[in-house]
Every structure is written in structure tokens, then in C-alpha cells.
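Work through the following exercises with the structure open beside you. Each one sets a task and then follows a solution in steps.

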Amino acid sequence: QDKLVLGLQESGTVQWEIEAIRQLGLDTEHGVDLEIRPLADSRAGQIALQAGAVDVILSDFTWVSAQRAAGSVFTMVPHSLAVGGLIVPADSAIETVTDLEGKVIGVAGGPVDKSWVVLQAYYVALTGGSLSEAAEARFGAPPLINELLGAGGIEAGLNFWHWNARAKAEGMREVISVAGMFQGLGLSEPPPLLGWTFSEDLAAEKGEALTRFLDASFAAKAALLADDEVWDGLAAIMGAADDPALFAQLRDDYRLGIVTGYDPDDTRLAELAFALLAEFGGPDVVGAQTELAPGTFWGGYSK
Amino acid sequence: MKRAGRERGGIGWEVLSLPLLLGFWQVLAMLAAHRLFPTPIAVAEAMATLALEGRLLEDLGKTLARALAGFGLAMALGIALGLALGRQAWLDRLFSAWLVVGLNLPAIIVAIVLFIWLGLTETALIAAVVINKVPLVIVTIREGVRSFSADYDELARALRLDWWTRLRRIHWPQLLPFMLAAARTGLSLIWKIVLVFEVLGSDGGVGYRVSVFFQFFDVTAILAYTTSFILVVLAFEYGILRVLERRAFAWRRA
Amino acid sequence: MKRAGRERGGIGWEVLSLPLLLGFWQVLAMLAAHRLFPTPIAVAEAMATLALEGRLLEDLGKTLARALAGFGLAMALGIALGLALGRQAWLDRLFSAWLVVGLNLPAIIVAIVLFIWLGLTETALIAAVVINKVPLVIVTIREGVRSFSADYDELARALRLDWWTRLRRIHWPQLLPFMLAAARTGLSLIWKIVLVFEVLGSDGGVGYRVSVFFQFFDVTAILAYTTSFILVVLAFEYGILRVLERRAFAWRRA
Amino acid sequence: MAPGLSIAIAEKRFGSAPPLFSDFRLEVAPGSILALLGPSGIGKSSLLRLLAGIDRDFSGTIAIDGVAADRAPMPGFVFQDARLLPWLSARDNVLLAAPALGAPAAKALLDQVGLGGRGPDFPAQLSGGMQRRAALARALAANPGLLLLDEPFVSLDAALAAEMRALLARLIAANQPSMVLVTHDAEDAARLADRAVVLAGRPAAIFADLALSVPQAERDEAQVAEYRRRLDALAKGPA
Amino acid sequence: MAPGLSIAIAEKRFGSAPPLFSDFRLEVAPGSILALLGPSGIGKSSLLRLLAGIDRDFSGTIAIDGVAADRAPMPGFVFQDARLLPWLSARDNVLLAAPALGAPAAKALLDQVGLGGRGPDFPAQLSGGMQRRAALARALAANPGLLLLDEPFVSLDAALAAEMRALLARLIAANQPSMVLVTHDAEDAARLADRAVVLAGRPAAIFADLALSVPQAERDEAQVAEYRRRLDALAKGPA
Ligand SMILES: Nc1ncnc2c1ncn2[C@@H]1O[C@H](COP(=O)(O)OP(=O)(O)OP(=O)(O)O)[C@@H](O)[C@H]1O
Ligand SMILES: Nc1ncnc2c1ncn2[C@@H]1O[C@H](COP(=O)(O)OP(=O)(O)OP(=O)(O)O)[C@@H](O)[C@H]1O
Ligand SMILES: [Mg+2]
Ligand SMILES: [Mg+2]
């Protein structure tokens, strides 16, 4: 009854929050029994959710919106604001996005990656020109981008935040974060892109347990934001046990992405972000819809 | 007479094959009535839309170009090496373990190494495809070479045939069944490998697009892309392979 | 005499194969001196650590069990269907298009359909593997069946052989080269397919772990896992396949 | 034990070529030893394949003791080539036709055709004449009621051919099978057969049908020579 | 044009069996037509394979006009079986041995062996005797200086065999090749050869070496019969 199965990427940063919940005893405190089903990657999570093998996964708001539009009533509660940013070697001449002209950019994920769409939108806003024409983009898996950046195969990288944290710990420099680009594009705050995702059926059936879990989750977030000591127990799973610089970098960047509250009625930021992605990314990025599907953010909870 | 009749009857069956499959699929899809199990009609509509308004043709072109380049290179290399290993026992023995390793190296390893060395380029992608596929061709061809008839080798020696005539007249016909097996399975594998690599590092092509569609669980669009590729393969099968095959194997039916 | 000598010499080459590969790898790795290109020694150390402290053995066991189940089922089904299609021209014609479709269906489609229908179960995983692999076996076996000698079929008819004796004494020996090709390429493909499906829907196994390692670009660990699987295949190749092969093909060397 | 053959082929043709047999009739009495002669390409091997039920692609009926040829019990068949299975030893090739025979009896039979000790050899290790003798042994292994032999003594030296003929004569005397023997050697017919049929023309017709009425066991050399002379004359065919 | 053969085999054996030839010497003069006789399994075909350079696994030397057998120009070779390539038509099988011949000449040659009009047929569509004649045509196609024929007239009816012998005699008269003819038929030797060598024993030794000194063209039937008688007596072998 009050047990939830979470399908989570085994290596994901989400594990840090789960570990914090465990260490702080927040699950027992809130009276929810969490079973973690480890998953190899995000595709596995989506399959597992559809197959009914897990109750909750982490997912993109565009995915939830597209699923709703297609008739599968999933819904979500924000989990993280963290995205990524544009990163260059320390001695790079690239100081701003406008310097990207004529450069080779390595983009993690591919042409439909949200960060890439936002960067292109930002470039338009700055210069009025098309970045994909002004610069050469190469697409690849995230670790590959870091690797190529180090080896000089690309001149700038657009990567996810924890890969950037690693790069920064090794001396690279962030030109601008995606959150910064969003702000440059007129959003007052970074939008919540990633959230706890579940079906409305589950919400109806296990609403109680779900609420308790979300409480525990937000409690953990609060602790991670405010309390340095919580982090000490996480160094191992962060893969930074013997690298204090990396540890500090990961911790600080993580904190930037923490969601502190949730008002299901205030979806303005998400709608703006969605509209932006729809305009510059098209259906490959957001699916067939041009507007955020109503109900994408679950009305059954607020914080 | 009787033979010809049988042949003609056969073509009847052939014509039935695809409609039967589509019918079967339609019925299953209607029974399942699930969003993730679209009917062939829905898929055909999606194909039309994607071809006219989307990038289906462009993506298909990219993937086909990569698959064909990979296929051609892998077959050529694989046949040459397969022949060498099949004929020279010591070479075979020396490289047998290499072959096992090559066969079982996961695509991801090959991709990492090549993308890092050669960058995220078309060359790296095709090289990765070739490296993945070549050991498979080698193994099949080598098995074919090993089963060559010693009698015909004796004949070739008695007739003092040069290596080219020997290859064309003695070995090729004996290799053909293995070649066909390698080609038929090969094209499908190449395409699957290209799909994987397009996901790991490229900016277009069927594999890339399928992974995009997958983000939204858009099975209809995935099937539309898959179907269009399969149509190409079917055209290759019936337009080229079967025709060549019928000519090359005329002697078997004699 | 001379023959026996040659045989013995051959075993010499065979023994050299693996050390040569390792040496080659070691030299390359030392030349590259790159974090993503570990030496075999580093990989061996990682293997030992992962086996003793990690879950290598458990993962390997899971994957092997899946691969073997999938391999066995796919070979059995594929041989039965390949024989049927190879012998019955009308069946072949009727299902030829199905086969092309089966060959070219991307793993991800199969995964979606089966995992969502059957849940994230072991059955679904193995079924997905089998569905992916069976068409490949069918194609290879069918090609073998088509190349059966009509002369020996006449003999079988003259001797009034029952289907079992016919299968065992007439068809099997002619099918063996194709079987070996199917088995050799099959095991490696099965393992690659299992890797893919383990990523998409399982909570352990080599594929699962490799994709996790991939997220950290831990090439040493990936190679450690890969190598341990390859060692199993090498054991199968030299401990079983080659021995069987040597016995079955004694007549060729005669 | 010996079956009678009743052949009535309405038509047998390959592809669009003129028919090989058209309205061809031949009755062979039970226990009859029929020599079938005729020029190369006339249809002797084709007829033998029809009789053995190997080839079912014809119109008409071929009855072996009233049963359609392909339903009749296994005949002893020697192909025009040796047609041993290359992956089976000589012994296993023999045992394939008569699994019940057992290894010792198969060895004894191979001894009789002069292949003593060669049982474990693969066909590729045997000389041409040895392969043919192994094929003969295979045909005789099951003591079949009907023997269909396509030039069984070809590629053998004269002494060995005589030996094989004698072996066959002994088996015939013991088992009294029916037999159709295709041969180009009048000697074979003169020594073994009690009836000789010569084919000619296309479609093939029976050009001559000769009764060799002196019982096989009682023929002396002079009688054999006489038969041979008559057969040689007939084998020349129509003008 | 005709080469002389100089054979000096120190040892030829298969596996661990007793050697087939041991210290075997034979000289064949240029233009000589040698008939090679001997019981089944003695090593006739093996020797022919050595002479053709097909089998190089022996110790000793075999020189064709001073050149090692496997370096010597292509001989005309008839295997003991027809050994046509099943995927080539009869004509293409002939052309394989002599690509320069051209289709019309190949057709003419096939006509000569009685296969007129069968050129486009695949081997499987030919009767046993037809296949052997196609193989003979292939061996003769390139007009080779050395002919190595392993029972070329087997499976042919008497009339056809005589025709083929006559064809061969004409070719010999025209081209004056050297030839080694393996046969079990004394008739072949008596009509064509100018020397007959009979092998016996294991390792094989020359049991008899008979000169057929009346020139081939001048032999009358009586002379042929006399040669045949002598050869038959010799072919019986040692006691
Ligand atoms: N590849 C081989 N392996 C082993 N033994 C072989 C091989 N080829 C031939 N032999 C043996 O060598 C001997 C001579 O064989 P060969 O074919 O030369 O005989 P032959 O004189 O041509 O006989 P035939 O008249 O029956 O054709 C035989 O005992 C045969 O078993
Ligand atoms: N599979 C086939 N396809 C087409 N034609 C065939 C086939 N088999 C035999 N023939 C033809 O049928 C005719 C008779 O062939 P068959 O083998 O019966 O002759 P045969 O009397 O045994 O001659 P031989 O004495 O040369 O063996 C030949 O003209 C041959 O070309
Ligand atoms: Mg015949
Ligand atoms: Mg021989």
C-alpha cells in the first residue's frame, strides 16, 4: 500500500538524493517504503514504466507532455532544474556565445538535445543568425564530448551539468550555463525540465504513498541544499571520494539545480520553455504538440 | 512442362506473401487495439506524411548510403580474408583467436575507440560498421571455402587455371550459397549496426531519427521508418538478389 | 607422415594466436598511452578485482544463461524452419517477405512490444533475443538446404531411408558447414543482442553493467567484462566446436 | 521373393525435349534376369530410376508386384556412378542400405567384393574400381528381391569383373531375385542374363528382345561365346 | 610437340599405408602411346595424377621434357570420373580447358564426340556416357602435347567406343602427342598403344612391358586380336 517502486538509472545523479533519503531516514520518517529498481539507461526507464514494472521514473517534461497528447496519461512533479552548459578549454579564446562562429562544437545527445536548441535560440537572440550555419556541430554521447574536448577534437562542448562539473574540475571553463541562456531568453528562472513521472492511475491508486515519497524527496533536497554534512556520506557514489575538487564542484553545481518548491498551478515557466523548444526545435524535440499539454504537472501535490 | 507449371504456381505464392503479412499484422493490431501497436494503414499514412513533410527520404538516403558503403567494404574485405583463412590453414590457426575476439567485441567498444581516434565523422561511422561486420563475413566465407570440393581443385590444377579463372569458375559457384547467406543476413545486420552507431554519434539517418521517435514512444513513426527501409531491402531481394540467384542456380534446377 | 607433421605444426600456430593478439594489444596500448586504451595487463587486473569484489561473475552468469537459452531456442527453431523453407518451395515463397521483415526489424521495436506485453521478465528478454536471431538462422540454413546435392537425395530415395536417417546421414553432413557458420556467428550475435536487451529491460547482466560503465566511460571495466565473455567463447570454440568439427570433417582430410 | 515388373509408361520426358519414352510397355517375369542394352543416351539409366521409384515424374504406371515403384520395397540399386556418401566409411555406406546387417556381416560382404580391410576407409581413400565395388556391396547388402544395376562391373580389370560376375551369379542362385542389369558389355549379358532387351530410337522402343534360354548355371564357354556374338550383333542397333 | 616423360619416384604413399610406389622408374619416349594396365587399386590413377602435376606430395622427380610435372604445360586429362563442373554447360566445360578455342570450334568438337546440339546442356542433363564424352572432348580441346587418359571409353556402347577410339587415333596421327592411357580393356591398348606397361604388386612394379611394334595405322584385325590375346594373358598378372 505505501510501497513505491522507483525505476532509476543506476549511475544517475538522482541516486544522490535517494542515498540522502536513506541516510537521513526520511523514508521511514515519512512512512513510505521505497524499492529501487536499477535501470541501465533512460530508455529502459520508459519501457519499465509502460510495462508496469515500476511506479515512478525520472523523465523529461517534454516526454510527459507528448505522451499525454498521444493518450497515455502520465504526469509529473519537478525534480531538478539542472541542465548543462557550454564549456571550453581554459585557454580558449571563446568568451561568449558569439565567439562560437567558425568553431567546432561537440553537442551531447544529438541535434534534438534541449540544450542545443536553447543555445541556438540564444544565438539567434544575440546575433540574429543561425548557429548551425555559423559553426560546425558534431553530435555524440556525453563522455565522448568531454573526451574530445580534452583531446582537442572539438573547440567547445555543450554537455550535461555533471559532465561539465568533471570538466571544470579538470580546469575547463564554463562560458554560459543553459540556465543562463534561458534567462537571456527572458525566463526569470530556469524551468523545471526533469521530474518524477508516474501514471495518473497510479496517482489515484497510491496517491497517499506518492505524496509521502514526494515529501521525503523535497525534505532531502532541502537538506542537500543547506547541509554540507549530508554530502560527506555521498562522496563514494558521486565517484569523487578521492578528489575534493571534483566533489566540491559536483556539490555546488548540483545545488544550483535543486527544486525548492512546487505549485502545480504555476506552469508559466514550463510553458515558456516548451514554446521556445517548440519554436526552435520543432516536433523532433517536443513531439507533435506546440504547447505544453495540460496536466503535465500533477495537480495532486504542492510544496 | 510440369516443371514450368510448378514455377508459375510458385510465383503465385510469392505474390501472396506480402499481402498475407499485412493482413496478419492488421488483424493483430486490431485485436490488440493499443497505441503502441499501430495498424499497417496507420503506418502507411505516417510514412506518407513523413516522406512528404518530414525528413524520411533524406534520413533513409543517409542511412542507405552508410549501409551500402559499410556493406560493400565489409563484404569485399570479408571475402578476401575469408578466402585467405579458408585456404591457408596456418593463417587460419594463427588468427583464429583474433576472429573470435573480433566477433564478440561489442559495438560500443568499437564506437568509442573509433569516434575518439577519428572524431565524430562519417569515416569513423563507416569504419565502425565495417569492423563490426567483417568478422561475420569472414566466418561464413571461411566455412564455405573449407567445404570446397577437392575434386574440383584437382581439376583446376590439371587445367592449369590461373587464380582468376579458378576464383570465377571453380570457387565462386561453390561459394555462392555462403555468399548469399552472408549477403542476406549481412544487409540486415549492417542496418542494425548503423542504427546503433547513428544513435551514438551522428546527426541524421534512420537510426538517429528512430531514437528521437523513441523518446516519445512514437511506435507508428518508428515503424514507418522501419517499413520504408524494409521496402528497400525487399526491392533489393526481389529486384536483384532473386534474379541473380535464378540465373546462377539454373544448373541446380536442371 | 607428412600430413601428421603438418597437423602438429598447425597446433603450433594455434597456440601462438592468443599471445600474439595480447602482445599486439599491449604494444598498441603502450604506444597510444591513453586512459581509454588500457593495456591487457590493466584489463586483467580489473577482471580480477571485478570478479572478486564486484559482480562480474554474477553478471556473466546471468548473461550466459540468457545467451545460451536464446541460442539454443533460436538454433532449434531456425533449423526446423530453415529446413522447411529450404525443402518446400511454396512455403519459402509464401514466407519470403516475412523473413525479410523479420531480418530487418530493429531490436528496439521488438523490445517495446515484448517488454510491454510480457512485462520486464526473463521470458520477455529471451523471447526478444530469439525473435531477433531466428530469421538469421533460417536464412543461413535455408541456403544450406538449397545447396543439397540432388544425387544424394536420389540415393536416399533408392535406399528408402526414413526421414530421420535421411536427416542424420544425408542432410546433416551437407548442412554442417552452414550450421558451423550459423553457430559461430550466432553465438556472437546472440551475445550482442542480449547486451542490447539487457540495457533496455533488465536489472543485471553484462549488457546492463557495460552500459553503466559506459556512462562513466570506464573502458577498462568494459573491456574486463568483454574479455571475460570472450574467454568463455574461446573455451567453447577450442573445447567443443573444434573438437566436434575435427571429428565431423575427418572425411575431408582423407 | 522375386517380384514381377509391369511397365507401362505413357510418357516420360525431360523439359521440352522430345519424350524419352512414349507408350512404352515391358513385362518382366518374377525371377527374371534381364539385361538392358542400348546406345548411350537412349534412356537406360532413366528407366532404371523410374523402376527404383527415384523418379516419379512421368505419366503411366510402373508396378513392382502390383505396387507402384516408389511404394515398393527397397531395391538393390547400383547407380551409374559409385555415389558413395563421402562422409561415411565404406562400411557405413554399406550399412546405410542394411542397418540390420551388423558390422561383421558388412565386413564379410566387403571381403567378398575384394575390399577386405578397407571398411574403415572413406570413399576418397579408395581407387575408382574399389568405389564401384563398395557400391555393388551396398546394393547387395540387404538381399533385396529386386536388383537394379547400372553398369556394375565398369572400371574393373577383366579378372575382377569375372569374379564380381561370379559373386552375383552365386547370389542369384541363392536368393532368386529379379534383376535388371544395364550394361554395354555383351559378356555380362551372355554370362548372367536369361533375357536381353535392346532399346533403340527416340522415343525409345524395344528393338530386340532375346531369350537366353540355356540356364545360366549350365552355359559352357561355347554357349557364352555364341550368346555374346548374337548380342554384339543386336547391340549394333537398327541399320 | 610431344614431350618425353622421365619418372623416378623415390616414394609415394598415402598416410601410414604401405607405399604405393617405391623406387619406381619409367621412361616414356616422346610421341609414345603408352597403355597402362593393372588390377584395380594398384596405383594407375595415382600415377596419372602425379604425371599431371595434380599431386605433388611424393618424393623423387617426374620430368616432362625435363620440367617438373606441375610446371609442365597443361596436359589433356581425363579423370576416372567425368568431373564436369555442374554449373557450367557442356560447352563451357570444354572451353574451360581451352578458352582460346571459341564457341564454334567447341561445338564442332562436341559434334565429334557425338554430343551435337547438347553444348548448352548442363552436365546433370546428360546421360552417363554423354558426360564421359564431354570430359574426353575437354581433354582434347587444347590439342595438348601430352594426353593422360584414365579409362576414357568406359560406359560407352561398343559402337561408340570404337568411334571414340577412331577419333583419338585420328588426333594422334595429326598431332603426334605423347599419351598415357589407363585402361582395363585390352581392346583399347591393342588398337591404340605402341607400348603397354602392366603394373603389379605393392609397392607397384612393372610386371610386363610390351612393345606393340606394328604401327597403329597398319594393324589389321588379326594383328589387333593377337595383341589383345597377349595383353589379356599379361593382364592376368603374376600367378
Ligand atoms: N587420397 C587417398 N588417400 C588414401 N589412399 C588413397 C588415396 N587415393 C588412392 N589411395 C589408395 O591408393 C591405391 C591406388 O589407388 P588408385 O586410384 O591409383 O588405383 P587404380 O590403379 O587407379 O585403381 P582402379 O583401377 O580401381 O581405378 C588404392 O589402394 C587406394 O586405396
Ligand atoms: N535430368 C535430366 N534433364 C534433362 N535431360 C535428361 C536428364 N536426365 C537424362 N536426360 C536425358 O535423357 C536421355 C537419356 O539419359 P539416360 O541417362 O537415361 O541415358 P542412358 O541410356 O543411361 O545412357 P548412358 O549409356 O550414356 O548412360 C539423354 O538424352 C539425357 O540427356
Ligand atoms: Mg546411363
Ligand atoms: Mg583408377
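**Exercise 1. Describe the contact of chain C with chain B, from its extent to its makeup.**

Solution. Begin with the residues: in this predicted model, the contact draws 67 residues from chain C and 69 residues from chain B. Next comes the area, for which chain C and chain B together bury about 6,400 Å², with 73% of it on carbon and sulfur atoms. On the side of chain C, the residues that lose the most area to chain B are C:Arg93, C:Trp98 and C:Asn104, which together account for 11% of what that side buries.

Then turn to the polar links across this interface, where 24 residue pairs are in polar contact, both residues having pLDDT 80 or more. The salt bridges between chain C and chain B number four. A salt bridge joins B:Arg146 to C:Glu245, and the closest N and O atoms of this pair are 3.1 Å apart.

Now assign the side of chain C to its secondary structure: the elements that each supply at least two residues to the side touching chain B are helix H1 (2-32), helix H4 (89-104), helix H5 (107-118), helix H6 (122-146), helix H8 (163-201), helix H9 (206-215) and helix H10 (219-248) of chain C. Of these, H10(C) gives the most, with 12 residues. Sorted by class, the side of chain C that touches chain B holds 44 nonpolar, 11 polar and 12 charged residues.

**Exercise 2. Carry out the corresponding description for chain A and chain B.**

Solution. Start again with the residues, of which 26 come from chain A and 18 from chain B. The two chains bury about 1,900 Å² between them, and 64% of that area lies on carbon and sulfur atoms. A:Phe139, A:Leu144 and A:Asp284 supply 28% of the area that chain A buries against chain B, which is more than any other three residues supply.

The search for polar links gives zero salt bridges across the interface of chain A and chain B, and the count of residue pairs in polar contact, with both at pLDDT 80 or more, is also zero.

For the side of chain A that touches chain B, two or more residues come from each of helix H3 (42-51), helix H4 (61-70), strand S7 (136-140), helix H7 (142-151) and helix H15 (283-286) of chain A. The largest share, five residues, belongs to H4(A). By class, this side has 14 nonpolar, eight polar and four charged residues.

**Exercise 3. Characterise the fold of chain B, which takes part in both contacts above.**

Solution. First count the elements: chain B has 11 helices and zero strands. Next take its extent, for which the C-alpha atoms fill a box of roughly 65 × 60 × 30 Å along the principal axes. Of the 254 residues in chain B, 58% are buried. Finally, consider the contacts between residues at least 6 apart in sequence, among which 74% join residues at least 24 apart.

**Exercise 4. Which residues coordinate the magnesium ion (ligand 3), and through which atoms?**

Solution. The coordinating atoms are OG of D:Ser45 and OE1 of D:Gln80, at 1.9 to 2.2 Å from the ion. Placing this pair along the chain shows that it links distant parts, since D:Ser45 lies in helix H1 (residues 44-51) of chain D, while D:Gln80 lies in the loop between strand S6 (76-78) and helix H2 (90-97) of chain D, 35 residues apart. As a last step, check the accessibility of the pair: D:Ser45 and D:Gln80 are both buried.

Methods. Residues are numbered from 1 along each chain as its sequence is written. Chains are lettered from A and ligands numbered from 1 in the order in which they are written. This is a predicted model: local features need pLDDT of at least 70, side-chain atom pairs count only at pLDDT 80 or more; totals for chains, interfaces and linings use all residues. Side-chain values use heavy atoms; hydrogens and water are left out. Contact means heavy atoms within 4.5 Å. Buried area is the accessible area (1.4 Å probe) that two parts lose on being put together, summed over both. A salt bridge is a side-chain nitrogen of Lys or Arg within 4 Å of a carboxyl oxygen of Asp or Glu. A polar contact is a pair of N or O atoms within 3.5 Å; within protein, one must be able to donate a hydrogen and the other to accept it, and residues adjacent in sequence count only if both atoms are side-chain atoms. Helices (H or I, at least four residues) and strands (E, at least two) are DSSP runs, numbered from the N terminus. Ala, Val, Leu, Ile, Met, Phe, Trp, Tyr, Cys and Pro count as nonpolar, Asp, Glu, Lys and Arg as charged, and the others, Gly among them, as polar. Donors are N, O and S atoms within 2.8 Å of the metal (3.2 Å for Na, K and Ca); water is not among the atoms, so sites may look incomplete. Buried means under 20% relative accessible area, exposed over 50%, partly exposed in between (1.4 Å probe, protein chains only).
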